There are 2 protein chains.
Amino acid sequence: MLEPVTLAQVAREAGVSPSTVSRILNGTANVAPDKRVRVEAVIARLNFRPNPQAQALAGGRSLTIGVVTPSLHSTFYGEALAGIEAALNDTPYHPIVISGQWRTEREQEALNVLLARRVDAVILLGGIVDDEVLRPLAQRVPIIAVGREVQGLGESCIVLDNALGMRLIAQHLLSLGHRQFAYISGAERQSDAMARKAAFLSCLHEAGLTPPPALMEVGHYLEDGGQGAAERLLATGLPFTALVCANDQMALGARLALYRAGRRVPDDVSLTGFDDVVTSRLMTPPLTTVRQAIYDIGVSAAHEALKLLDGQPAQRHVFTPELVVRDSTAPPRRPS
Amino acid sequence: MLEPVTLAQVAREAGVSPSTVSRILNGTANVAPDKRVRVEAVIARLNFRPNPQAQALAGGRSLTIGVVTPSLHSTFYGEALAGIEAALNDTPYHPIVISGQWRTEREQEALNVLLARRVDAVILLGGIVDDEVLRPLAQRVPIIAVGREVQGLGESCIVLDNALGMRLIAQHLLSLGHRQFAYISGAERQSDAMARKAAFLSCLHEAGLTPPPALMEVGHYLEDGGQGAAERLLATGLPFTALVCANDQMALGARLALYRAGRRVPDDVSLTGFDDVVTSRLMTPPLTTVRQAIYDIGVSAAHEALKLLDGQPAQRHVFTPELVVRDSTAPPRRPS
DNA sequence: TTGAAAGCGCTAACAC
DNA sequence: GTGTTAGCGCTTTCAA
């Protein structure tokens, strides 16, 4: 195992002091052109890269940004991670990602690990950990929350207009003539899940409709949850011509339940999602949903983190969703 | 921003020297029981966690394992990442993941960044970077290659029996009575893609069949690639009753092309994948494929990396795939 | 068994 | 502009 080159070696070879090399590396101060040229040549020749651990220790910054995601193998959060990584690409910062695996205590531990690693900032993707936990943490490190409102975190939340998104879906289905709805929600403790559900219900109320409680199910935003919920909905025997899912992943699970039950989409049941993850356009039939520019949201989150680190104030973002009509919705066969 | 607790503070509060605290932390030497108790109490009270940067600098190990993945939002590699993360969970090591975005130069850069970060080992998931690049790297840091053979890397490759997997698929379709096949392959430069293709062709030859070259397409292992390839296959006008895809993601894309073309699955065309990613059982119809325990492969990769770091020799793993028959395959309607 | 002291590779005052 | 000098928080000889 070859030993890595150090800054001291570079300095020696170039006949300058370590500080000069450091200054050139960081642009901290002016350096005479001839020395700069000499040093840069040596750096290139030796293929020198500064040791980030040493930089972190000496500089008090670790040049890393911690990211907590509920899951590493989620189509949805995966896109956000890709956006974050891309946005950090041309900066000295690097993301370090830990998953909370949809469990509160794991998420807590993930945050602790990141703190121990002395990350310079934290980006929290969704997540189920309590606001109470986050607030004290925000005293130790700048936090950007994505897809959730954290009371007391001020402007550093990046959210989607969930109510608008769900209204677009509901109005689309209502205008197709649907009157009998079933709904699969995310978990109670997730603020965006509650926002979507509330918007759905209020839209229906405005149209003079109230879905029976038995047709309001919970699927925890996961594929399996959506499948189970759809199975329970079908088992009620209650009629519905449209099945509204609070995210695309649950719609995918629900699709399987409908397939197994022999219900055709959209002929027998119209199906909708929320998020427009990459795989939704590949479903059979392609899914009508609401586009949440999750990759861009990831990019924004990274930018906000960088701004915070640069001493600038964070700026609240509210992304606007967009209806994407595909083949999974159609007028009900027998309008009731 | 509260200042983190340091080892020196702990030592002072407990009335011992820093070295003693360090020894307790690392189990490096025996410590008198009473001091140990006192120190541990202080650690707990102050919620002290050692600074990993400082540990890295002083100890010469960064306690991180670099992971290079082609993509952060891939159902397939996402599972592997989850496996790696889980396996490292109860160790002092942490993964740091960088994506190569399916581009050689990015992958190279990812490896360089990880080296600069002084990772203690590297796990390379698939990837398209040349073996030539990997071999010198292996001198600087232990490397585990997953899903590809790297000549010269010795035992530290974890692979799947691709030939067996493809044989299972081909034999399944042949036994259903299919005689007219189309095939969508991964890229030329990926050794596993070539292994699967070779196995497919040899299986067909044994059955006395040779698919026309126009029905052998390339889809680069991605959804869009599969869709495009399937569109080109359909455009040839040549008949085929079974469409074999070298991975599930391409099968998903191909499914959309078939849907758009009005070809029913499996009535008009039987469709198969490879990998059994989590979403394949959720396709409409659920996909017949070959299961590659990718999560477990991730776990193994992490274990091998830990063994290497522990000075033990790596051990070559060859995982055995398993046929998973679902609804996307059926006998051809008009056996030709 | 324990403490003192040196040093990991770098940055940042501080002088010159 | 540039070099010298202290550390950053930890581990690890080396003595005691």
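The exchange below concerns a predicted model and takes up its two DNA strands and one helix of chain B.

Student: Which part of DNA strand D, sugar and phosphate or bases, accounts for 66% of the atoms that come within 4 Å of the protein?
Tutor: Around DNA strand D there are 23 residues, with A:Ser19, A:Thr20, A:Arg23, A:Ala32 and B:Leu7 the closest. Phosphate oxygens of this strand lie 3.1 Å from a polar backbone atom of A:Ser17 and 3.1 Å from an N or O atom in the side chain of B:Gln55. Of the strand D atoms within 4 Å of the protein, the part that makes up 66% is sugar and phosphate.

Student: How many charged residues does the surface near DNA strand D have?
Tutor: Elements of both chains supply at least two residues each to this surface, among them helix 2 (18-26) of chain A and helix 1 (7-14) of chain B. Sorted by class, the surface near DNA strand D has eleven nonpolar and ten polar residues, and the number of charged ones is two.

Student: Which helix gives the most residues to the surface near DNA strand C?
Tutor: Of the 26 residues around DNA strand C, those that come nearest include A:Leu7 and A:Ser22. A backbone N or O atom of A:Leu7 lies 2.2 Å from a phosphate oxygen of this strand, while a polar side-chain atom of A:Ser22 lies 2.9 Å from a phosphate oxygen. The elements giving two or more residues are helix 1 (7-14), helix 2 and helix 4 of chain A, together with helix 2 and helix 4 of chain B. With five residues, the one that gives the most is helix 4 of chain A.

Student: What percentage of residues 6-35 of chain A is helix?
Tutor: An unreviewed UniProt entry annotates these residues as "domain: HTH cro/C1-type". Over this stretch the end C-alpha atoms are 18 Å apart and strand makes up 0%, whereas the helix content is 67%.

Student: Is helix 11 of chain B largely enclosed or largely open, and how many of its 13 residues are buried?
Tutor: At 1.5 Å a residue, helix 11 (residues 248-260) should span 18 Å, which agrees with end C-alpha atoms 19 Å apart. The cover over its buried residues includes helix 5 (75-88), helix 10 (223-235) and strand 8 (242-245) of chain B, and the buried residues themselves include B:Asp248 and B:Arg255. Helix 11 is therefore largely enclosed by the rest of the structure, the number of buried residues being eleven.

Methods. Residues numbered from 1 in each chain as written. Chains lettered and ligands numbered in written order. Predicted model: local features only at pLDDT ≥ 70, side-chain atom pairs only at ≥ 80, totals over all residues. Heavy atoms only, no water. UniProt positions renumbered as here; feature names shortened; annotations may be inferred. Helix = DSSP H or I, 4+ residues; strand = E, 2+ residues; numbered from the N terminus. Near = heavy atom within 4 Å. Polar contact = N/O pair within 3.5 Å; in protein donor to acceptor, adjacent residues only side chain to side chain. Nonpolar A, V, L, I, M, F, W, Y, C, P; charged D, E, K, R; others polar. Expected span 1.5 Å × (residues − 1). Buried < 20%, exposed > 50% of the residue type's maximum accessible area, 1.4 Å probe, protein only. Contact = heavy atoms within 4.5 Å.
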